[in-house]
Structures are given as structure tokens and as C-alpha cells.
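Work through the exercises below with the sequence and the model open. Try each task before reading its solution.

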Amino acid sequence: EELAAAARSVLLDTCAPSEARASAHNFYGRVALAQFEDFAPSLETVMPPALEALRAQETGHVVKHGRSRSVRTGSHEERLAAIEAIGNYAVACGARFAPQLPSALPALCAQAQHPNPQLRAATANALAQIGRVLGDLAQGIPSSDQQAASRLAEAVAQSLSEILQQPGSSAALRCALQAKEDLDACDGFLSLAGATSLSSAAAGRRSEDVEDSDDDQEDEEE
């Protein structure tokens, strides 16, 4: 209870250091996986700060060899923790996470072209988690909501395709390919997403065939 109160206080304090807020996102992400659907009432508290972290402007970028790269800062760590937490919230809460999707998914999809490969890898993982939740919901979605659900699934597929097409990092590529493979096995997701660009973006590659690359070491501590 004391830890939860402290984490909540940090999340709600806009002046708290980014490192502290990152720890709070990590804490709630673990709590969600322990509580499952019982965590759903806490979404009202934890989701707004997580989305705020994803929407925040980042200044930690440098240009190296003609490519934009991300310098690791406190805000980077908070963004990473928020991405991972959102994926955990979706998995833990399942159908009860659905009301969060219209605001959470656009913010998450916006990370697909982030210059930092660690963030793109985390985004791919979170997109796969949300895609599986959409797949689980597919059979019970009312016909009046079918079109909206399909748009969400298409957004997941499109953002994964964007990660697959980014040059460089093997870690981000591997995570995006794993996400594609997971969602290919999810009939509910495929029924919503329909024909996607995922297969063409994957270009026959499989996650198990991706080797490590030097670009995965491109982050610098500040």
C-alpha cells in the first residue's frame, strides 16, 4: 500500500524527475500483471501519465552518419517504461482495457518511427499485446463497433510494418517480426485487420533468423 501510494504520488506530480516517473510506470506495470482485471479501476490513474510521457517532446537527438539517433536521457527512460506499462495494462485488463484504446493506440503508434531502436522494439512488443487483446475481443464486438475495431487493428498492423521497414537495429526488427508472427497466429486479429501490409514488409524474414547488429549499441548515456 505504501509503495502504491508513493508511485501514485510520483505519477501525478508533473514536477517529479523523469527517472522517478519511469520507476512508477514500471511498478504499476508489474502490479497490473499480478492483479489482471482487478487492476482495471487503476487505469484512470495510470494511463494519463503514461500517454503524457509518449506525447512529450524529446530533445535527446543527434545526427550521426546522416541518421537521427536518440541520446538516452531521463525522458527516454520514462517513455520506454510508459510503452512497456501500456502493453502490460492491455494484457492484464483485457476487455476492460478497450475504452483506453482510442487514446492509447495513436500515442503508441506514433513511436513506430522513433529514432531509438530500443523504443521501437518496446513499441513492437506493446503493439503485439494490444493486437492480441483486439483479437480476443473480435468475436464479441457488436456490429455497430466492428468498423472502429477494424481501424484499430489496421493501425496496429500499419505501425508494425513501419518498424519492419526501419533500417538498422536488429533488436527492433526481431521484436517486430515476433509481433507479426504472434498476430499471424491470432485469427481474431486477422479477422479485424483484414489484408495488411505486414507480410510484404516482413519480406520473408523470420524473427529467429535475425542476428545482432552494432546499431543496437547506438544509445549513449547522458
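## Exercise 1: Contacts of Val 91

Setting aside neighbours within four places in sequence, Val 91 is in contact with Leu 33, Gln 129 and Val 133. The model is a predicted one.

**Task.** Place Val 91 in its element and state which exposure class it falls in.

**Solution.**
1. Find the element. Val 91 belongs to helix 4.
2. Read the exposure. The relative accessible area of Val 91 is 39%.
3. Apply the cut-offs. Buried is under 20% and exposed is over 50%. Val 91 is therefore partly exposed.
4. Add a distance. The C-alpha atoms of Val 91 and Gly 131 are 9.8 Å apart, with their positions 40 residues apart along the chain.

**Task.** Turn to Gln 129: where does it lie, and what is it in contact with beyond its neighbours within four places in sequence?

**Solution.**
1. Locate the residue. Gln 129 sits in helix 6 (residues 117-137).
2. List the partners. Leaving aside neighbours within four places in sequence, they are Gly 87, Asn 88 and Val 91.
3. Classify Gln 129. Its relative accessible area is 16%, so it is buried.

## Exercise 2: The aromatic cluster

**Task.** Find how many aromatic pairs the structure holds, and describe the pairs made by Phe 39.

**Solution.**
1. Count. A search of the whole structure gives 3 aromatic pairs.
2. Take Tyr 28 with Phe 39. The ring centres are 6.3 Å apart and the planes stand at 55 degrees, a tilted pair.
3. Place the two residues. Tyr 28 is in helix 2 (residues 18-35), and Phe 39 is in the loop between helix 2 and helix 3 (43-55), so this pair ties together parts 11 residues apart in sequence.
4. Check burial. Tyr 28 and Phe 39 are both buried.
5. Take Phe 39 with Tyr 89. This pair is stacked, at 5.3 Å centre to centre and 20 degrees between the planes.
6. Place Tyr 89. It is in helix 4 (residues 74-93), whereas Phe 39 is in the loop between helix 2 and helix 3, so the pair ties together parts 50 residues apart in sequence.
7. Check burial again. Tyr 89 is buried, as is Phe 39.
8. Assemble the group. Ring pairs join Phe 27, Tyr 28, Phe 39 and Tyr 89 into a cluster.

## Exercise 3: Two packed helices

**Task.** Describe how helix 7 and helix 8 pack, and name the residues that make the contact.

**Solution.**
1. Choose the descriptors. Two packed helices are described by the angle between their axes and the distance between the axes.
2. Read the values. Helix 7 (residues 146-165) and helix 8 (residues 170-184) pack at about 145 degrees, with axes 9 Å apart.
3. Assign the hand. The crossing of helix 7 and helix 8 is left-handed.
4. List the contact residues. Helix 7 supplies Val 156, Leu 160, Ile 163 and Leu 164. Helix 8 supplies Ala 172, Leu 173, Ala 176, Leu 177, Ala 179 and Leu 183.
5. Sort them by type. The contact of helix 7 with helix 8 has 10 nonpolar residues, no polar and no charged.

**Task.** Now decide whether Gln 165 is buried or exposed.

**Solution.**
1. Locate it. Gln 165 is in helix 7.
2. Use the value. At 55% relative accessibility, Gln 165 counts as exposed.
3. Add a distance. Gln 165 and Gln 113 lie 52 residues apart in sequence and 9.4 Å apart in space, C-alpha to C-alpha.

## Exercise 4: Cysteines and backbone

**Task.** State how many disulfides there are, then classify Cys 15 and Cys 186 by exposure.

**Solution.**
1. Apply the cut-off. A disulfide needs two cysteine sulfur atoms within 2.5 Å. The count is 0 disulfides.
2. Take Cys 15. Its relative accessibility is 68%, so it is exposed.
3. Take Cys 186. Its relative accessibility is 12%, so it is buried.

**Task.** Where do Phe 36 and Ala 203 lie, and what is the phi of each?

**Solution.**
1. Phe 36 is not a glycine, yet its phi is positive, about 55 degrees. Phe 36 lies in the loop between helix 2 and helix 3.
2. Ala 203 is not a glycine either, and has a positive phi of about 55 degrees. Ala 203 falls in the segment after helix 10 (198-202).
3. Ala 203 is exposed, with a relative accessible area of 58%.

## Exercise 5: The whole chain

**Task.** Give the numbers of helices and strands and the share of buried residues.

**Solution.**
1. Count the elements. The chain has 10 helices and 2 strands.
2. Write their order. The pattern along the sequence is α-α-α-β-β-α-α-α-α-α-α-α.
3. Read the burial. Of the 222 residues in the chain, 50% are buried.

Technical notes
Residues are numbered from 1 along each chain as its sequence is written. This is a predicted model: local features need pLDDT of at least 70, side-chain atom pairs count only at pLDDT 80 or more; totals for chains, interfaces and linings use all residues. Side-chain values use heavy atoms; hydrogens and water are left out. Rings of Phe, Tyr and Trp (its six-membered ring) pair if their centres lie within 6.5 Å; planes under 30 degrees apart count as stacked, over 60 as edge-to-face and the rest as tilted. Buried means under 20% relative accessible area, exposed over 50%, partly exposed in between (1.4 Å probe, protein chains only). Axes are lines fitted to C-alpha atoms, for helices over the stretch in contact, and angles run from 0 to 180 degrees between N-to-C directions. A crossing is left-handed if the near helix is turned anticlockwise from the far one by less than a right angle, and right-handed if clockwise. Contact means heavy atoms within 4.5 Å. Ala, Val, Leu, Ile, Met, Phe, Trp, Tyr, Cys and Pro count as nonpolar, Asp, Glu, Lys and Arg as charged, and the others, Gly among them, as polar.
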